[in-house]
Amino acid sequence: QVQLVESGGGLVQAGGSARLSCAASTRIITDPNLVLGWYRQASGKERDFVAAMRWTSGSTYYADSVKGRFTISRDNAKNTMYLQMNSLKPEDTAVYFCNAKGAVGDYWGQGTQVTVSS
């Protein structure tokens, strides 16, 4: 079964922090070409890339808008990827989606809302 389950988020004050988690099923994690990433979609806007990690190498990639503020990490034992978000801004408000791309295909989690109040 291919599954991505997100958690975390919620309401945060500007300048605060939040951490999102994405738990991936074994079938996804064992893909040698796996790239796990985070995207976000603000109300009325398109879904945008936020950050990604090439699972086998640990290489990370970030959108310019979040560089220096967001950090992507993983826990191999838990098949889980994290997005630590610091210095949050109101413009970071969006639904955040976990994404898996690889030989298994292209899969999305259900999304989790992050709202940053000013």
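Which residues do ring pairs link into a cluster? In this predicted model, the cluster is made up of Y39, F49, F97 and W108. A good way into the structure is to follow these rings one pair at a time.

A search of the whole structure finds three aromatic pairs. A pair of aromatic rings is described by the distance of the centres and the angle of the planes. One of the pairs joins Y39 and W108, whose centres are 5.1 Å apart and whose planes meet at 70 degrees, an edge-to-face arrangement. Y39 belongs to strand 4, while W108 belongs to strand 10, which covers residues 105-108, so this contact ties together parts of the chain that are 69 residues apart in sequence. Y39 is buried, because its relative accessible area of 18% falls under the 20% limit. W108, with a relative accessible area of 36%, is partly exposed.

W108 takes part in another pair, this time with F97. Here the rings are again edge-to-face, with 6.3 Å from centre to centre and 90 degrees between the planes. F97 is found in strand 9 (residues 94-102) and W108 in strand 10, so the pair ties together parts that lie 11 residues apart in sequence. F97 counts as buried, since its relative accessibility is 10%.

Charged side chains also meet aromatic rings in this model. The ring of F97 has the charged end of R47 sitting over it, at 3.6 Å from the ring centre. A further case involves W55: the charged end of R74 sits over its ring, 5.3 Å from the centre.

Attention can now turn from the rings to the open space in the model. Rolling a probe the size of a water molecule over the atoms shows where empty space is left. The largest pocket has a volume of about 170 Å³. Two elements each give two or more residues to its lining, namely strand 4 (35-41) and strand 5 (47-54). The lining consists of R40, Q41, A42, K45, E46, D48, F49, S65, E91, T93 and A94. By character, these residues divide into five charged, three polar and three nonpolar. F49 links the two parts of this account: it is one of the residues lining the largest pocket, and it is also a member of the ring cluster with Y39, F97 and W108. Strand 4, likewise, holds Y39 of the edge-to-face pair with W108 and contributes to the pocket lining.

How values were computed
Residues numbered from 1 in each chain as written. Predicted model: local features only at pLDDT ≥ 70, side-chain atom pairs only at ≥ 80, totals over all residues. Heavy atoms only, no water. 1 Å grid on protein atoms, 1.4 Å probe; cavity = no way out; pocket = protein on both sides within 12 Å on 5 of 7 lines; lining within 4 Å. Points joined across faces, edges and corners; volume = space filled by probe spheres on them. Helix = DSSP H or I, 4+ residues; strand = E, 2+ residues; numbered from the N terminus. Nonpolar A, V, L, I, M, F, W, Y, C, P; charged D, E, K, R; others polar. Phe/Tyr/Trp six-rings, centres within 6.5 Å; stacked < 30°, edge-to-face > 60°. Buried < 20%, exposed > 50% of the residue type's maximum accessible area, 1.4 Å probe, protein only. Lys NZ or Arg CZ within 6 Å of the ring centre and 35° of its normal.
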